[in-house]
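Colleague: Before I rely on the terms used for this model, I should like to see how they are justified. Could we go through them in turn?

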Amino acid sequence: MQNKAVPKPMKKTSGHDNRWGWFFTAPFGIIFIVFLVVPLIYAFYVSLFTYTQMRGTVFSGFANYARAFRDPIFLQGMGRVVVYTLVLVPVQLIFALLLALVLDAIKNKFASVSRLVIFLPYAVPVVIGALMWGFLYSKQMGPFTSIFALFGLPTPGFLTPNGIFGSLVNVVTWQWTGYYMVILYSALQSVPSELYESARIDGASEITIALRIKTPMISSSIVMVTIFSLIGTLQFYTEPMVLRNNAPSVIPPEYTPNMYAQALAFNYNQLNYSATVSFALGLIVVIFSIVFMRLTRNQSGLED
Amino acid sequence: MKKSVKIVAALVAAATTLSLAACGGQGGAQNSKGGNAAVHSDTKANANAKCQNTIKKPNAEKVTVWAWYPSMEKMVDIFNSKHDDVQVCWTRAGSGQTQYQKITTAIKAKSGLADVVQIEYDVLSQYVSGVEKHLVDLSQYGADNVKKDYTIGAWNSVSLGSKKSVYAIPVDLGPYVMIYRKDIFDKYGVKVPTTWDEYEQAGKQLRERGFSGHIGNYEPSGNGSNIALLAQKGAKVYDYSASNPDKVGVNFESKGAKQVMSYWQKLAKEDVVTTQDAYTAEWYKSIVDGTYASAVCASWLVGSLRGISGADTSANWKVTRAPVWDSSTPQVNFGGSSLAVTDQAKDTKMAAKVAMELFSSDPVQQISVTDAALFPTWTKKLESQGFMDMTDSFYGDQKINQVIVPVAKAYKGYEFLPFQPYAYDEQTKVITKIVRNGADVNSSLASLDKTLRDYASQQGFTVKK
């Protein structure tokens, strides 16, 4: 009943604040260190050794890195994901931006339903999505054979050496565009509408507003989406891995650098070299990201 | 504040590096060159092991087993009910590659591996070669005494070319045969081929007489099926023996290998066969829906056809011998697996007993050949009248084992490289180019030889000339 305790005056020393700061960041910090920093250090450590069947594990310094950057399989895989990046990043970005702008312009029930429908593929787990497309692409089980037959056309070879690139681009675009669209759409919601009103008074058309006002206003989100898409594509793995079951001779086991790392570690028993390949890939992704962020410094608002 | 972050980071880094260094040191000490796989004798270690089957005698010693055989639970139950001293604790740890990945992980972690594991013949040598040996030589437990109970081919596949060593106990084989649609061959009045020349002619005739499908399919990604096709021409492409464990031979440039590859390149070019990938859902379906008039395949496909949906119900299937080149063509095999004892077995002796006895009894073999459709290597089953007279309604009550058993008995066994998964992947790439893109046979096979020989030297093996 009685409040005997006299409230202590808050001591506002920086040491006290610091302790609470550490306390609140600790859960994240511990997980960050245990599941990211430590594995990274370990992978790097492992990559400095070489295991061969007859000689066992020996310390080899940076020899694995020298091998990786001269390894035609790794370089081919890298080249492949760079080509995917050059196609996928713009395609996804343009679709996502276009959809976001259209949905932002029409504000009715139809727009909110469409938003959900476009976002839906992202809610499907990547493996399930890829499996589903594997069936759709199948000549015998997919619907395309009968659809194309209606027009008297032969079934396109989705899972052939010539068709596989487009097929994979399609799966990834289907899966991720909705997600990027939602990010851009929510960025558009934070743009003050006074800007549009004054533009309209100045005689700007809706298209001009979309291209000249809305798009520049959300440029930092566009940069963010591009970086997501860039990193995701360079680490391309799940979709080709799943479609490989339908076309093992079209998608070799080392199709992308990540797939190569997986094959090396678990099929070829070369854990050390696999760690090297993973680390080298990580390094390349970091370099790509930094270069991109430098180039878009003015748009991203990430000057530092 | 900055300073404290740095201190923490430094501490973490130092701690991890130290602990890792400790791991590294330990690993180095264990990898003594030329040593045998470790044996243990802890009878209680598996007492609390988790099993997929229900253990009926919880007080008996347990042996853990990883295997993906169909109907495994039934077979394990029979074994357990007949043994009071030991109980099998079985887990399905994925099939094929999935299970091998778990083995690799457990080997690296130095813990978590089952006592007994199912391993296919073609990847056996990779676990017993080089500085790390992870499968126990079972001859120390008397396994060489059961040699006479198994077919020559199966036994050669587990002894890996050495006189006395036994690295696993054979379970099943995949004798190479041909299944064909009698109704299709009859309808177009085409003779069922017995040689590869006839096969080509029959394929052309079927097409000329209006059959909309193909006589069959050639699988560039068929891994072991390509080894079987090459072996028919006497091409011994992979060469490795446990009695000479630091030497490896690769030879795709023999006359036989070139002839076989040129033959399939020609058939693919003439559109006599298709070159679909094997083991995809699509491939299974096109075998049963009448797209193909025949399939040259291992016996395990013979048993698994009836479960595939989308099958042509009017089909009249028959089994016959695989086409040959001439009367000197040897009988060949594709696939099959064995039970091996790992160096992490808690009680190695008991694990060896399980590996040797699990499949060597009549009741288990009966389930194995009926429910699981495995082709036996155990001669008491293989040669029994009951097995020879088994009929199969899917093949119009044909006594199919009268075709398959002689093939299994004539098979002598192959050798596989200690890095077979890598070799298969490279083999598939080159063969795909040959049959799909019409790449030059001689230069393609030469490049395959070079790739694999380079890899062998890189791994520290001496390459046989």
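Modeller: Let us begin with a strand pairing: β3(B) and strand β11 (residues 333–341) of chain B pair in the antiparallel sense over 5 bridges. The model is predicted, so local features need pLDDT of at least 70 and side-chain atom pairs count only at pLDDT 80 or more, while totals for chains, interfaces and linings use all residues. Residues are numbered from 1 along each chain as its sequence is written, and chains are lettered from A and ligands numbered from 1 in the order in which they are written.

Colleague: What makes β3(B) and β11(B) a pair?

Modeller: Two strands pair if DSSP finds at least two bridges between them; here there are 5. B:Val117 stands opposite B:Ala340 in β11(B). Strands themselves are DSSP runs of E, at least two residues long, and helices are runs of H or I of at least four, numbered from the N terminus. Strand β1 (residues 61–66) of chain B also pairs with β3(B), in the parallel sense over 2 bridges, with B:Val65 opposite B:Val116.

Colleague: Why is B:Leu160 called buried or exposed?

Modeller: A residue is buried if 20 or more other C-beta atoms, placed from the backbone, lie within 10 Å of its own, exposed if 12 or fewer, and partly exposed in between. B:Leu160 has 24 such neighbours and therefore counts as buried. B:Lys110 has 13, so this residue is partly exposed. B:Lys110 is in the loop between α3 and β3 of chain B, and B:Leu160 in the loop between α5 (152–159) and β4 (169–181) of chain B. In strand β3 (residues 116–120) of chain B, 5 of the 5 residues are buried. Both faces are covered, with B:Val116, B:Gln118 and B:Glu120 on one side and B:Val117 and B:Ile119 on the other.

Colleague: Why are α5(A) and α7(A) described as oblique to each other?

Modeller: The axes of helix α5 (residues 126–137) and helix α7 (residues 164–189) of chain A come within 11 Å and cross at roughly 135 degrees. Axes are lines fitted to C-alpha atoms, for helices over the stretch in contact, and angles run from 0 to 180 degrees between N-to-C directions. Angles under 35 degrees count as roughly parallel, over 145 as roughly antiparallel, 65 to 115 as roughly perpendicular and the rest as oblique. The helices α5(A) and α7(A) are therefore oblique.
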